[in-house]
There are 2 protein chains.
Amino acid sequence: MEYKNELRRFIQEELHQYLSHVSVDLTIFGFHDGQLKVLLLRWKGSDDWSLPGGRIHRDENLDAAAYRSLQERTGLREIYLQQFHTFGEVERYKNFSRQETAVRLGIPADLHGELFRRDVSVGYFALVEFAEVTPTPDRFTDECRWWEVAGVPPLLFDHNDMIRLALKTLRQQLSYQPVGYNLLPEKFTMPELQRLYETILGKPLDRRNFQKQMLAYGLLERLEERKTGGAHKAPFLYRFDREKYGKALEEGI
Amino acid sequence: MEYKNELRRFIQEELHQYLSHVSVDLTIFGFHDGQLKVLLLRWKGSDDWSLPGGRIHRDENLDAAAYRSLQERTGLREIYLQQFHTFGEVERYKNFSRQETAVRLGIPADLHGELFRRDVSVGYFALVEFAEVTPTPDRFTDECRWWEVAGVPPLLFDHNDMIRLALKTLRQQLSYQPVGYNLLPEKFTMPELQRLYETILGKPLDRRNFQKQMLAYGLLERLEERKTGGAHKAPFLYRFDREKYGKALEEGI
């Protein structure tokens, strides 16, 4: 009941503050335990999940709206968000029809029209350090948590398509841009970096070639410290040279 | 006068058929005489140019709206259009302010608000064969013609930014996707293909390495014919293997 009143209040009092027919959705990737994860929200009183997202204030830049959502859901600021595709089909209901979606989310019939107007949605993805995120639901959702990318359930709207395309874009970018600055802790080992690349690419890479290639880009700084705690000879720790990394993002590798 | 009436009729009778706050803009690249060109429109009764673009019908997919604009301005169908970025700043007036733009285009003061509502615009680019295009102005423009990319004047709105980013995207794609299928005639020589790559990249490439690399991708078919008409030994003609080219677009090279 409270949820329905909340929806009604949102439509009647707040919806007009936002641009109509356009929204943002965020695919937030994290890397943990050698696995790529994505942040999802479970809607109030339902078992259904979606990506985080939001609307754009009338006087707010598109990117600013995406950063606002990112911060609200993760607590993170100054994380690089990348726009990757705008989703503009008339019917963006894939796993569940528009009608079915309304029923599953318990949205009263008189609110369908207003809440499910056609939106063109701009997709962004972010790469974040898993350990630094405080997953936080929004007003329409009960739960916000990480899912393994490989185990994501059928999502609301076209959000499975969004994750798929975000991942494809990330894979393509590996051929001309460095990846890892935001996904890894500040100091990391070469095997950790390799595992990240393997996870994104979905295939194993040769250890020697990988190390050679990574060092050849000139973005890594080898530290004097070694990683401690393992049974084997402790591997060297590396970190990205922030300046060179930024330059490589701009100009390609 | 006729133009102003046309604008008024558009706002009063047609604008409601389209999604508000979202539009498409097209950067249409062609390759001719060893130069990369872009298709621009000159607005009625003005000296100002912009990219082609348009609005999205309420029951029309976003991509379909972009293809419709492409076809109307070029006469071409079945040309690959690629979405590359969505432009969503609140103020998308760069070279000329909103007010200045209205004056330059002779838009009556009472129509400013309706015509210059805030739009988030989805940018697409296309690569087309120069010789096959019939440049066609739209209802608000007098002239549609090719400009050398290097010599594009200060454009209306944020359209210089759009061309710049389309070109940057195209450059990045050269590292993981083939380019040329739609930009070159069906049969072409290796020097013509090289010149295309050099134009996009904005730098000269080594002839031998280029040829070796291109052949290694396995997308080119060498024909029995040679190009005739030159003073030197006639170069071989090539064409893309359409199936392999499509596969490479999908999976990367």
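Guide: Helices, such as α5, are DSSP runs of H or I with at least four residues, while strands are DSSP runs of E with at least two, and both are numbered from the N terminus. Residues are numbered from 1 along each chain as its sequence is written, and chains are lettered from A and ligands numbered from 1 in the order in which they are written. This is a predicted model, in which local features need pLDDT of at least 70, side-chain atom pairs count only at pLDDT 80 or more, and totals for chains, interfaces and linings use all residues.

Visitor: Is A:Phe157 buried or exposed?

Guide: A:Phe157 lies in the loop between β7 (141-148) and α5 (159-173) of chain A, and its phi is positive, near 55 degrees. A residue counts as buried if 20 or more other C-beta atoms (placed from the backbone) lie within 10 Å of its own, as exposed if 12 or fewer do, and as partly exposed in between. Because 23 other C-beta atoms lie within 10 Å of A:Phe157, this residue is buried.

Visitor: And is A:Asp33 buried or exposed?

Guide: A:Asp33 sits in the loop between β1 (18-32) and β2 (35-43) of chain A, and its phi, near 50 degrees, is positive although the residue is not glycine. Most residues other than glycine have a negative phi. Since A:Asp33 has 8 other C-beta atoms within 10 Å, it is exposed.

Visitor: Which residue in β2(B) stands opposite B:His32?

Guide: Two strands pair if DSSP finds at least two bridges between them, and β1(B) pairs with β2 (residues 35-43) of chain B in the antiparallel sense over four bridges. Two residues lie between the strands of this hairpin, where B:Asp33 takes a positive phi near 55 degrees. Opposite B:His32, in β2(B), stands B:Gln35.

Visitor: How many bridges join β1(B) to strand β6 of chain B?

Guide: Strand β1 (residues 18-32) of chain B also pairs with β4 (residues 53-57) in the antiparallel sense, with B:Val24 opposite B:Gly54. With β6 (residues 120-128), however, β1(B) runs parallel, and there B:Val22 stands opposite B:Val120. The number of bridges joining β1(B) to β6 is nine.

Visitor: As by what kind of axis are the two copies related?

Guide: When copies are superposed by least squares on the C-alpha atoms of residues with pLDDT of at least 70 in both, chain B can be laid on chain A with an RMSD of 0.0 Å, by a turn of 180 degrees and a shift of 0.0 Å along the axis. The two copies are therefore related as by a two-fold rotation axis.
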